[in-house]
Amino acid sequence: MMSHDKGSELLSSVTALKDDLPFSPQILTTLFAQTDEDSKASLGDIADSIAADQGLTVKVLSMANSAYYGLQSEVESPARAVSLLGLETIRCLVLGIGVKGLAAKMKRGVLDLKKYWRHQLITAATAKHIACHVGTLPLAKDAEALIPDQIFTAGMLHDFGKLLTALLRPEDWERITQLAKDEALSIAEAEDEYWGLEHGVVGAMALRSMNLPPSLTEPVNWHHAPNNAPDYVLHAKILCLADAMAVRFDGPDRKVAGPWESILEEFDLDADTLMAEVAELAEDEGISDLLRALT
């Protein structure tokens, strides 16, 4: 329908978005390096990196004090936040703040941000839940690297490409969503028909430009085609299934991209049971509180 050149132009433009984050993109690079499994950085070092940006500090503390994390006392410093919440959660918070900052620049009405974030959070919570189950199964070799909190972060960012498309190409995004409706396609299928790429690729490209690790970017990139992923296949499969269940939770008849049904069988999961668990996760008060913080 459209020239693939236009899709290539979108990919080129998303790599410049790191300069529009509400904090220095170097903070993301530093935090991910400091919180890597092989890092020797102390909790104090990580807290100092956050504290170096006053605006980021305020936002992290605000989100850390949300009911989602169930802390018994108010968090008043980055050091306390890192100590209580853990490294992966801090990374997730900072990324969420960055995406929220970009979303604030979007043309009003192009994308329902509350609906967008609700889907991201339900997918993230479901992905973490599935990862805990999968971690007990004798599956692929990368099961050893399966970290549920890391999967949650990927889930929270899995549709980042949708947000970026709506932000940078609002008219194209509206045409894509209309195409999906007219031809009963999933958004990913409509994107592919429209300009030859889908939002997983767009989001992953942007995240790579921020120097974020493959453990995050690869599952996002391949969450609709996990069997084609060169690395982190298991992670991509979990994200594919979690995304599908979250989509179907919002509407059982909605079109879902990806081989989620075969992944259900591979993971030895029952669709009805998992859907009931998704419904329970979606009603968690903490998810609602975190949703309010992001919107």
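This is a short tour of a predicted model, stop by stop, with something to select at each one.

Before you start, note that residues are numbered from 1 along each chain as its sequence is written. Local features need pLDDT of at least 70 and side-chain atom pairs count only at pLDDT 80 or more, while totals for chains, interfaces and linings use all residues, and side-chain values use heavy atoms, with hydrogens and water left out.

**Stop 1: the aromatic pairs**

Rings of Phe, Tyr and Trp (its six-membered ring) pair if their centres lie within 6.5 Å; planes under 30 degrees apart count as stacked, over 60 as edge-to-face and the rest as tilted. By this rule there are two aromatic pairs. Select Y116 and W117 to begin with: their ring centres are 5.4 Å apart and their planes meet at 75°, so this pair is edge-to-face. Now move to Y194 and W195, an edge-to-face pair with 5.4 Å centre to centre and 65° between the planes.

Are Y116 and W117 buried or exposed? Buried means under 20% relative accessible area, exposed over 50%, and partly exposed in between (1.4 Å probe, protein chains only). Y116 is buried, at 6%, and W117 is buried too, at 1%. Both Y194 and W195 are buried as well.

**Stop 2: the largest pocket**

Next, select K115, K162, W173, I187 and R254, the residues nearest the centre of the largest pocket among the 28 that line it. A pocket here is an open set of points on a 1 Å grid over the protein atoms alone, where a 1.4 Å probe fits, with protein on both sides within 12 Å along at least five of seven lines; lining residues have an atom within 4 Å of a point. Its volume is about 650 Å³, taken as the space filled by probe spheres set on the points, which are joined across faces, edges and corners.

Colour α7 (113–134), α10 (170–182), α11 (187–195) and α14 (233–250): these elements each give two or more residues to the lining. Helices are DSSP runs (H or I, at least four residues), numbered from the N terminus.

**Stop 3: helix α13**

Select residues 214–221. Seven of the eight residues of helix α13 are buried, so the helix is largely enclosed by the rest of the structure. The buried ones are S215, L216, T217, E218, P219, V220 and N221. They pack against α2 (25–34), α6 (87–103), α8 (148–156), α12 (199–209) and α14, where contact means heavy atoms within 4.5 Å.

Just before it, pick N211 in the loop between α12 and α13. N211 has a positive phi of about 65° although it is not a glycine, and it counts as exposed at 53% relative accessibility.

**Stop 4: α5 and its surroundings**

On α5 (78–85), select P78, A81, V82 and L85, its buried residues. They cover an arc of only 95° around the axis, which puts them on the same side of α5; the arc is that of the directions from the helix axis to the C-beta atoms. Their packing partners are α3 (43–51), α4 and α6. After α5 comes G86, with a positive phi near 95°.

Then add L71, from the loop between α4 (54–64) and α5. L71 is partly exposed, at 26%. Leaving aside neighbours within four places in sequence, L71 contacts A64, L84 and L85.

**Last stop: D268**

Finish in the loop between α15 (260–266) and α16 (271–282), where D268 sits. D268 has a positive phi of about 60° without being a glycine.
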